[in-house]
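Reader: Hi! Could you open the model for me, so that we can talk through some of its contacts?

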Amino acid sequence: MLHLTTGRVGCLLSKQAVVALTSSGARMSSHGHHEVSDSVDMSQPMYWDRLDTPLPDRPWKDVLDSTDKSLKQEEKGPWTALSKEEKIALYRLKFNHTYPEMKRPSHEWKTVIGGMFIFFGITGLVVFWRGHYVYPPQPHTFGEEWQAKQIQRMLDMRVNPIEGFSAQWDYKNKQWK
């Protein structure tokens, strides 16, 4: 009777704990936050550095500080008055990478080749281990001496003399035709 009651109490407590932990208030208070973190809205324009899309949907920097805002004001004037550094800074407000930076080769191929070598090395070790420790030794019938005796026996018995094995042997000269 006591066992049954303990089981019911445990079940009720576990259900209440699950409900309490899945409520949003418990999740927020357990992390010390008072608001839920923002998720990325994929329906809004996104910034992507891609070679096939020269103009992204939105600029690289959405939030501008005071220096960026003053630079944007200078952009409205004549561009001949802007220095090279200011033009580059304006470009970096709109884009993260230039085309040469996007086309720069990555060193990912080294990781891929290294992973392949590691895979082949481990595979070779497994094959060696299997051949040495798992498989039994080769039977004595695989030896060259045994096979030579077997061929001589087949020739002595004249196995398949018309078109087969014995047809290729010259019995007078004791050599292959």
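Author: Happy to; below we go through salt bridges, a pocket, an annotated region and some ring pairs.

Reader: Before we start, what kind of model is this?

Author: It is a predicted model, where local features need pLDDT of at least 70 and side-chain atom pairs count only at pLDDT 80 or more, while totals for chains, interfaces and linings use all residues. Residues are numbered from 1 along each chain as its sequence is written, and side-chain values use heavy atoms, with hydrogens and water left out.

Reader: Great. How many salt bridges does the structure hold?

Author: There are six, counting a side-chain nitrogen of Lys or Arg within 4 Å of a carboxyl oxygen of Asp or Glu. One of them joins R50 and D52, at 2.6 Å from N to O.

Reader: And is D52 buried or exposed?

Author: D52 is exposed, at 54% relative accessibility. Its partner R50 is partly exposed, at 43%. The classes are buried under 20% relative accessible area, exposed over 50% and partly exposed in between, with a 1.4 Å probe and protein chains only.

Reader: Which residue does E75 bridge to?

Author: E75 pairs with K72, and their closest N and O atoms are 3.2 Å apart. They sit three residues apart in helix α3 (residues 66-75), about one helical turn. Helices here are DSSP runs of H or I with at least four residues, strands are runs of E with at least two, and both are numbered from the N terminus. E75 has a relative accessible area of 25% and K72 is at 34%, so both count as partly exposed.

Reader: Nice. Where do K149 and E145 lie?

Author: Both are in helix α7 (residues 144-157), four residues apart, again about one turn. Their side chains form a salt bridge at 3.6 Å, N to O. K149 is exposed at 52%, and E145 is exposed at 60%.

Reader: Switching to pockets: which residues line the largest pocket?

Author: The lining includes K72 and E75, the salt-bridge pair from α3, along with W79, Y91 and F95. Both α3 and α4 (84-94) give two or more residues to it, and α4 gives the most, with five. A pocket is an open set of points on a 1 Å grid over the protein atoms alone, where a 1.4 Å probe fits, with protein on both sides within 12 Å along at least five of seven lines; lining residues have an atom within 4 Å of a point.

Reader: How much space lies in the largest pocket?

Author: About 160 Å³, taken as the space filled by probe spheres set on the grid points, which are joined across faces, edges and corners.

Reader: Anything annotated?

Author: An unreviewed UniProt entry lists residues 111-129 as "transmembrane region"; such annotations may be inferred rather than shown by experiment. In the model, that stretch is 100% helix and 0% strand, with its end C-alpha atoms 27 Å apart.

Reader: Last topic: how many aromatic pairs does the search find?

Author: Five in the whole structure. Rings of Phe, Tyr and Trp (its six-membered ring) pair if their centres lie within 6.5 Å; planes under 30 degrees apart are stacked, over 60 edge-to-face and the rest tilted. F119 and F120 make a tilted pair, with centres 5.9 Å apart and planes at 55 degrees, and both residues are exposed. F165 and W176 are edge-to-face, at 5.5 Å and 80 degrees.

Reader: Which residues do ring pairs link into a cluster?

Author: F165, W169 and W176.
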